[in-house]
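Visitor: I should like to be shown this structure, with the reason behind each term that is applied to it.

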Amino acid sequence: MGRIAGRFGQVEPRRRARALVLGLLSDLPRKNCWTLAEHAGDANPYGLQHLLSRAGWDADAVRDDLRGFVVEHLHHQDAVLVVDETGDLKKGTHTVGVQRQYTGTAGRIENSQVAVYLAYATPLGHAAIDRELYVPRSWTQDAGRCRAAGIPDTVAFATKPALAARMIGRALDAGVAASWVASDEVYGGNPHLRTDLERRGIGYVLAVACDHRLAPHGGKFRADALVAKFPKRAWQKPSAGAGAKGQRFSTTGPWPTSPIRGPATTNSSSAATGAPVNWPSTAATQPPGFRCPPWCGSPDADGRSRRPSSPASAWPDSTNTRSEAGPPGTAGSPSPCSPTPSSPSSAPTNTHATPEAGRVDTAHCNEIQHLFTALVVRPGHSPAHRLDWSQWRRRHQARSQASHYHRQATQP
């Protein structure tokens, strides 16, 4: 935190950022502004929401500081830059870049926000060092929508491979030493990315589809047809590192004479490879065996948040909303420790009271589980603090549900 302290103009957002990072490093089962604020001892999530959406601080400069920190601690001569994307499932349409699109988080087309990440992977460990939000054409072609979401007019549409090339160039220009770049088919099928890496003298192992056409010496061939031209004795199986079920192996062809790695069939993909400049001939059959590392806390469908090893922890979240309900103990909200009013007939059905009556819903299973974990399994604050938060959460949820039903009723 001392390294990035100068990126904040005031002490309050700097302290909030410290609380955010400590919360992300904790073992909280779900990490959002509510749970992180409760973990930090705040009375409500408004402070963290302000940090991520409106406070003045230089997120890109924090990203650069983070990159330097990661490279300093994980520096290795066999470093690999890994590019991959991840999606964050969304319900609404106002989050920046959201639309119905394919995301690996769900394994299908869903309403989601997609970002491209760059990781620095070495035998000593791996961590994300850069990120770029993918803004689809449906957004960039609608100037009014972009302006309402706070997207600068200078932001134009860029494909995911273009975003990857931008991040790789940014890392290399900053002095990050890496000999290889690895990624999947989305990026391996883009010739401009491969050309840019070859121009920089960086080796690459990029997955391509079996029907992707490559141009080695002597013509242009489909990847699967090119693989079929090599005899079995030409293939080797170097280790790709230890996995959850033991050693992992990749089948490697006789490159760099042919830009191919791994057998391609009608149901699998190969990898286009290119050796870095001055790569020793004795290592010509040993391209890096790094699999794309598990992302360092990128958001997923289970609601787990980004860990601070990912630069996305310094990325303003456009989905934060303010509730009309005030914090516990203020006017318009019930007393923090007052009992929840309910009747015997309403308790079994878990009904919600109207916000005008100043009542909240009966505690449901998720709330009971949260209280059990906070009060019994991991007591970090006083029981009164946890009960205040339980009251605030249920009142906020009751107001949100009433507002949602009212909006649905007024729609034609």
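Guide: The following exchange goes from the chain as a whole to a residue, a helix and the cores.

Guide: This is a predicted model, in which local features need pLDDT of at least 70, side-chain atom pairs count only at pLDDT 80 or more, and totals for chains, interfaces and linings use all residues. Residues are numbered from 1 along each chain as its sequence is written, and side-chain values use heavy atoms, with hydrogens and water left out.

Visitor: How many helices and strands does the chain have?

Guide: The chain has 12 helices and 11 strands. Both are DSSP runs, numbered from the N terminus: helices are H or I with at least four residues, strands are E with at least two.

Visitor: Why is His212 called buried?

Guide: Buried means under 20% relative accessible area, exposed over 50%, and partly exposed in between, with a 1.4 Å probe and protein chains only. His212 has a relative accessible area of 17%, and is therefore buried. His212 lies in the loop between strand E6 (203-208) and strand E7 (213-214). Of the 412 residues of the chain, 45% count as buried.

Visitor: What does His212 touch, beyond residues up to four places away in sequence?

Guide: His212 touches Gly188, Gly189, Arg194, Phe221, Arg222 and Ala223, where contact means heavy atoms within 4.5 Å.

Visitor: How do you know that the span of helix H1 agrees with the expected one?

Guide: The expected span is 1.5 Å times one less than the number of residues. Helix H1 (residues 11-25) has 15 residues and should span 21 Å; its end C-alpha atoms are 21 Å apart, so the two agree.

Visitor: What puts the buried residues of H1 on the same side?

Guide: The buried residues are Pro13, Ala17, Leu20, Gly23 and Leu24. They cover an arc of only 125° around the axis, and therefore lie on the same side of H1; the arc is that of the directions from the helix axis to the C-beta atoms. These residues pack against helix H2 (33-40) and helix H3 (46-53).

Visitor: What makes a nonpolar core?

Guide: A nonpolar core is a set of buried Ala, Val, Leu, Ile, Met, Phe, Trp, Tyr and Cys residues joined through side-chain atoms within 4.5 Å. The largest has 29 residues, and Leu81, Val83, Leu118, Tyr120, Ile168, Val181 and Leu197 touch the most other members. Its largest share, 6 residues, comes from H7. Apart from this core lies another, of 20 residues, among them Leu36, Ala37, Tyr46 and Leu48.
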